[in-house]
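Reader: I am new to reading structures, and I would like to see how the words used for them are earned. Could you take me through some of them slowly?

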Amino acid sequence: MVSAGASTYRDRTSEFRSLSDTLKKFGRISAANPDRTYQHNDPSTSSKLPLTPSSYRSEFNKKASRIGLGIHETSKKIARLANLGKKSSIFDDPLKEIQELTALIKNDITALNVAVSDLQTLQNMEIADGDYSEDRVVHSTAVCDDLKNKLMGATKKFQDVLTARSENIKAHENRRQIFSTNISRGNPLRQQTENVMEPPPWSSPSRSSANQPSESSGSGVQVGNQLRRRLAADTTPSQHMEASMLQQQQVVPQQENYSQNRAVALQSVESTITELSGIFTNLATMVAHQGELAIRIDDNMEETMSNVEGARGALLKHLNRISSNRWLLIKIFAILIFFLIIFLFFLA
Amino acid sequence: MKITALLVLKCHPIPDGSDPVILANATDVNHFGYFQRVTVKQFIVFVGRTVAKRTPPNQRHTVQHEEYKVHSYNRNGLCVVGFMDDHYPVRSAFSVLNQVIDEYQKKHGESWKTIQADTTSQWPYLNDALTKFQDPAEADKLLKIQRELDETKIILHKTIDSVLERGEKLDSLVEKSSDLSAASQMFYKQAKKSNQCCTIL
């Protein structure tokens with residue numbers, strides 16, 4: 001054992017290690033000692049113990065410390081993002097940087113989430129594995145909970161920063177709109193009514209700045225002043241920004257919109273054509289049915305015609321018979337009278 | 001449904017700070033007051049330059065500017081910008097820009113790449129195009145087809161209505177003709193009957 005005064009605690013650790021080895025030999029493991037120093041010495045000594053509970057513990061602690069470090073770094077990044085978001089003004093908006101940072105933070109948070117849940121399962125595994133002392137269980141649960149809380153805190157701060165940033169953007173948009181409508185309203189008449197324009201836009205930035213809670217309102221008013229002065233010389237620098245901002249916001253949806261529009265239009269044309277074909281089919285069916293009706297009418301009329309012709313023939317015959325049967329009638333009447341006379345003769 | 005201006009510009013292929021150069025310009029500012037026309041033209045030139053400068057190559061953009069929409073289409077450094085009002089359908093706007101850019105390339109070939117300063121000469125095709133394309137259906141074949149199809153559909157609906165009427169009339173004709181044939185049959189029988197009894201006599 002080294003008897004240097006400065007390293008007395010290391011000595012104790014080696015003592016403890018030997019003690020734990022002896023105790024392990026008896027099948028019991030004692031715990032509840034800080035493991036950081038143990039961790040440092042572990043690779044130097046018997047690191048060939050695979051998957052022993054002590055290496056589980058060190059693994060647990062290693063993971064826990066890594067997660068803690070990750071959370072700390074992420075919260076630092078979130079703080080940087082908050083700063084960037086707060087100090088961005090209308091004109092030099094570090095949009096790309098902010099977006100990159102946001103994506104990075106999101107990835108970090110998800111990775112940390114996964115790591116914390118891994119840690120949790122590891123802890124459960126090792127608790128289920130063997131019969132450990134209360135202290136270790138308490139310790140590992142405490143560590144896990146602490147890490148989770150810290151991660152939740154970091155996520156909440158991240159959300160706050162994002163909401164603040166979106167409010168900021170909205171405020172900028174409002175201010176920009178105010179400026180741009182003022183400028184372009186005055187533009188055709190600007191050479192004549194510039195003096196009249198001055199007081200109203202002057203009051204509106206102060207009004208809008210009173211409404212903004214952000215710190216950049218002061219710079220916004222100054223920007224407004226500069227804009228007013230620049231109006232005489234050049235036109236609409238805010239329109240630059242408006243156009244660029246709008247374009248930045250509209251780049252990706254623009255392309256999709258155009259092609260989607262065309263696709264939608266083509267589809268509507270196609271559906272109209274299909275409808276038209278349906279209508280034509282209906283029309284053809286109806287006309288076919290009505291053709292059948294026409295045929296029926298035709299049959300009926302022919303039947304009528306034949307009936308009427310037959311009746312006409314019969315009537316003609318009748319007429320002929322009547323007109324030509326006179327002498328037959330006379331004959332018949334003569335026979336009748338003859339019979340009558342005979343009848344009378346018989347009776348008389 | 002109005003186009004106010006069409007501009008053809010030459011943009012630098014790398015979107016840096018240099019302003020695009022105007023190659024052709026056609027504006028219709030008759031609905032502004034007389035004294036505002038020059039200012040409005042300058043304003044259109046400026047906004048056109050700005051929008052064209054910020055349109056990345058081979059992309060289409062639309063910027064809303066008070067009650068106008070400014071559409072721009074950049075194809076390999078040749079950029080066409082159109083100022084349309086809000087009612088003009090976006091798709092037809094882009095087909096107008098497409099046609100203008102095709103026509104320009106057909107007519108001027110590659111000579112536009114060497115132009116360094118703003119061209120002040122007029123391009124009559126652009127002026128004609130401005131008047132012709134005030135009606136979006138001219139530029140956009142899809143719109144035209146859709147319109148004609150709708151008209152055809154209306155005509156077909158009317159046709160079907162008249163065919164239905166014809167069906168009803170045919171129905172009534174069928175009934176009347178069947179009544180007529182029954183009546184004639186009765187007539188025939190009666191005639192035959194009256195004929196029969198006289199022959200006996």
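Author: What follows is a set of questions about the terms used for this predicted model, each answered by setting a value against its cut-off.

Reader: Why is B:Ser177 called buried?

Author: Buried means under 20% relative accessible area, and B:Ser177 has 3% relative accessibility, so B:Ser177 counts as buried. This residue lies in helix α5 (residues 141-200) of chain B, and, leaving aside its neighbours within four places in sequence, B:Ser177 is in contact with A:Ile297, A:Asn300, A:Met301 and A:Thr304.

Reader: What makes A:Ala154 buried or exposed?

Author: Its relative accessible area is 5%, and the limit for buried is under 20%, so A:Ala154 is buried. The residue sits in helix α5 (residues 134-186) of chain A, and its C-alpha atom is separated by 8.3 Å from that of A:Ile109, although the two are 45 residues apart along the chain.

Reader: Why does A:Ile341 count as partly exposed?

Author: The middle class lies between under 20% for buried and over 50% for exposed, and A:Ile341, at 40% relative accessibility, therefore counts as partly exposed. A:Ile341 belongs to helix α10 (residues 326-347) of chain A.

Reader: What makes A:Ile341 fit to be part of a nonpolar surface patch?

Author: A patch takes residues with over 30% relative accessible area, and the 40% of A:Ile341 meets that condition. Together with A:Leu329, A:Phe333, A:Leu336, A:Ile337 and A:Phe345, A:Ile341 makes a nonpolar surface patch of about 630 Å².

Reader: How do you know that B:Arg75 and B:Asp102 form a salt bridge?

Author: The cut-off is a side-chain nitrogen of Lys or Arg within 4 Å of a carboxyl oxygen of Asp or Glu, and the side chains of B:Arg75 and B:Asp102 meet at 3.0 Å, N to O, so the pair qualifies. This pair links distant parts of the chain, with B:Arg75 in strand β4 and B:Asp102 in helix α2 of chain B, 27 residues apart. At 19% relative accessibility B:Arg75 counts as buried, whereas B:Asp102, with a relative accessible area of 38%, is partly exposed.

Reader: Why is the pair of B:Arg147 and B:Asp135 called a salt bridge?

Author: Their closest N and O atoms are 3.4 Å apart, and the limit is within 4 Å, so the name applies. B:Arg147 lies in helix α5 of chain B and B:Asp135 in the loop between α3 and α4 (136-139), so the pair ties together parts that are twelve residues apart in sequence. B:Arg147 has 38% relative accessibility and counts as partly exposed, and B:Asp135, at 31%, also counts as partly exposed.

Reader: How do you know that the length of α2(B) is close to what is expected?

Author: The expected span at 1.5 Å a residue is 27 Å, and α2(B), which has 19 residues, reaches 27 Å from its first C-alpha to its last. Several of its residues are buried, including B:Phe94, B:Val100 and B:Tyr104.

Reader: Which residues touch the most other members of the largest nonpolar core?

Author: Of its 26 residues, those are B:Leu6, B:Val8, B:Val100 and B:Leu126. The largest share of this core, seven residues, comes from α2(B).

Methods: Residues numbered from 1 in each chain as written. Chains lettered and ligands numbered in written order. Predicted model: local features only at pLDDT ≥ 70, side-chain atom pairs only at ≥ 80, totals over all residues. Heavy atoms only, no water. Patch = residues over 30% accessible without salt bridge, like charges linked within 9 Å, V, L, I, M, F, W, Y side chains within 5 Å. Areas by Shrake-Rupley, 256 points an atom, 1.4 Å probe, with all protein chains shown as cover. Helix = DSSP H or I, 4+ residues; strand = E, 2+ residues; numbered from the N terminus. Buried < 20%, exposed > 50% of the residue type's maximum accessible area, 1.4 Å probe, protein only. Core = buried A, V, L, I, M, F, W, Y, C linked by side-chain atoms within 4.5 Å. Expected span 1.5 Å × (residues − 1). Contact = heavy atoms within 4.5 Å.
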